[in-house]
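Welcome! Below are some short exercises to work through with the model on screen, each followed by a worked solution.

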Amino acid sequence: MSTQQVSVIIPCHNSAAYIEETLQSVYNQSHTAIQIIAVDDASTDKTLQILESHSAQISIISLTRNHGVSQARTLGAQKASGTYLLFLDSDDTLHPQYLQKAVNILQHQPEVSVVHSRAQYFGAKNREWKLPDFHMQDFLLSNSVFMPAVIRKSAYDQTTGFDPQLTMFEDWELFIQIARNGGQFHKIDEILFNYRKREDQSSITDHAARHPQEISDNYLHIYLKHYPFYLQHGIYMQDLMSYRQYRTKYYNTWYRKLFYTLNPKKQQT
């Protein structure tokens, strides 16, 4: 069994109802070389007390002011000593063999920077989360890699980390940075990750569905930040406009903003 360490970074905010189950899924890993870093992002419930009850097994970073998930992940990564990183939300869980299988791939395929797997929903919804396989052009239009992928730390260190200007899709933008740097992605064809859909619809994907303006702003930021990379892969504005995902209620907002950002003189006419 590999002795290469995986640093599992868990940002937490008011996660008292779920954090025990999340931690237990990490303790149950068949790969045992694990560093667990929990970042309590100024929780107002009993999250910190629960984390402190696990202090013999985990490292805790306690923030007195809420910074948001991107900064919490970044702070955790700064304390990480593992060869690989995994950013795990505080209500999700891992299959017991996930880390072992991912590390085995990363050890034997040095060209691979990110390993992920198939996934399933649990909680309010119980079915497979059908993310498409990784193909660069499709990936640049819509993320196909979930956040709790196992990332080679050397690849993460070559990026600028999680973009603090993003309020969602910060994981996708990090993966775009890794792809720009030449990192390859590998998907394990097994369900090894469980994504919780909360009964109160407070999951990140539920939040995104209710905030179309925020989606628009974040997509625009990502596209403009990586505009040369999109062009390099033959993805032009007209390709985005024909892509079915964006034909939603925020379609006009997103494209109008993009059009006038790229063509500021048009707005004046």
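The chain holds 12 helices and nine strands, where helices (H or I, at least four residues) and strands (E, at least two) are DSSP runs numbered from the N terminus. This is a predicted model, in which local features need pLDDT of at least 70 and side-chain atom pairs count only at pLDDT 80 or more, while totals for chains, interfaces and linings use all residues. Residues are numbered from 1 along each chain as its sequence is written, and side-chain values use heavy atoms, with hydrogens and water left out.

**Exercise 1. Find how much of the chain counts as buried.**

Step one is the cut-off: buried means under 20% relative accessible area, exposed over 50%, and partly exposed in between (1.4 Å probe, protein chains only). Step two is the result: of the 269 residues, 51% count as buried.

**Exercise 2. Describe how the rings of phenylalanine 134 and phenylalanine 185 are arranged.**

Start with the general idea: a pair of aromatic rings is described by the distance of the centres and the angle of the planes. Rings of Phe, Tyr and Trp (its six-membered ring) pair if their centres lie within 6.5 Å; planes under 30 degrees apart count as stacked, over 60 as edge-to-face and the rest as tilted. By this rule there are 17 aromatic pairs. For phenylalanine 134 and phenylalanine 185, the centres are 4.4 Å apart and the planes differ by 10 degrees, which makes the pair stacked.

Next, place the partners. Phenylalanine 134 is in the loop between strand E7 (128-129) and helix H5 (136-141), and phenylalanine 185 is in strand E9 (residues 184-197), so the pair ties together parts that are 51 residues apart in sequence. Phenylalanine 185 is buried, at a relative accessible area of 14%.

For contrast, look at tyrosine 223 and tyrosine 230: their ring centres are 4.8 Å apart and their planes stand at 70 degrees, so this pair is edge-to-face. Both of these tyrosines are buried.

Finally, zoom out: Phe134, Phe139, Phe175 and Phe185 form one aromatic cluster.

**Exercise 3. Which residues of H9 are buried?**

First, locate the helix. H9 covers residues 212-225, and its 14 residues reach 20 Å from first to last C-alpha, close to the 20 Å expected (1.5 Å times one less than the number of residues). Then list its buried residues: Ile215, Ser216, Asn218, Tyr219, Leu220, Ile222 and Tyr223. Keep in mind that an α-helix has 3.6 residues a turn, so residues three or four places apart point the same way.

**Exercise 4. Is serine 90 buried or exposed, and what does serine 90 touch?**

Begin with its place, the loop between strand E4 (84-87) and strand E5 (93-94). With 6% relative accessibility, serine 90 counts as buried. Now look for contacts, meaning heavy atoms within 4.5 Å. Leaving out residues up to four places away in sequence, serine 90 touches Ile10, Pro11, Cys12, His13, Ser15, Tyr18, Ile19 and Thr22. As a last step, follow the side chain of serine 90 to the backbone oxygen of proline 11, at 3.5 Å.

**Exercise 5. Look at the backbone of asparagine 14 and phenylalanine 169.**

Neither is a glycine, yet asparagine 14 has a positive phi of about 50 degrees and phenylalanine 169 one of about 65 degrees. Asparagine 14 lies in the loop between strand E1 (6-12) and helix H1 (19-27), and at 29% relative accessibility asparagine 14 is partly exposed. Phenylalanine 169 belongs to the loop between helix H6 (153-157) and helix H7 (170-180), and at 19% phenylalanine 169 counts as buried.

Terms used
A polar contact is a pair of N or O atoms within 3.5 Å; within protein, one must be able to donate a hydrogen and the other to accept it, and residues adjacent in sequence count only if both atoms are side-chain atoms.
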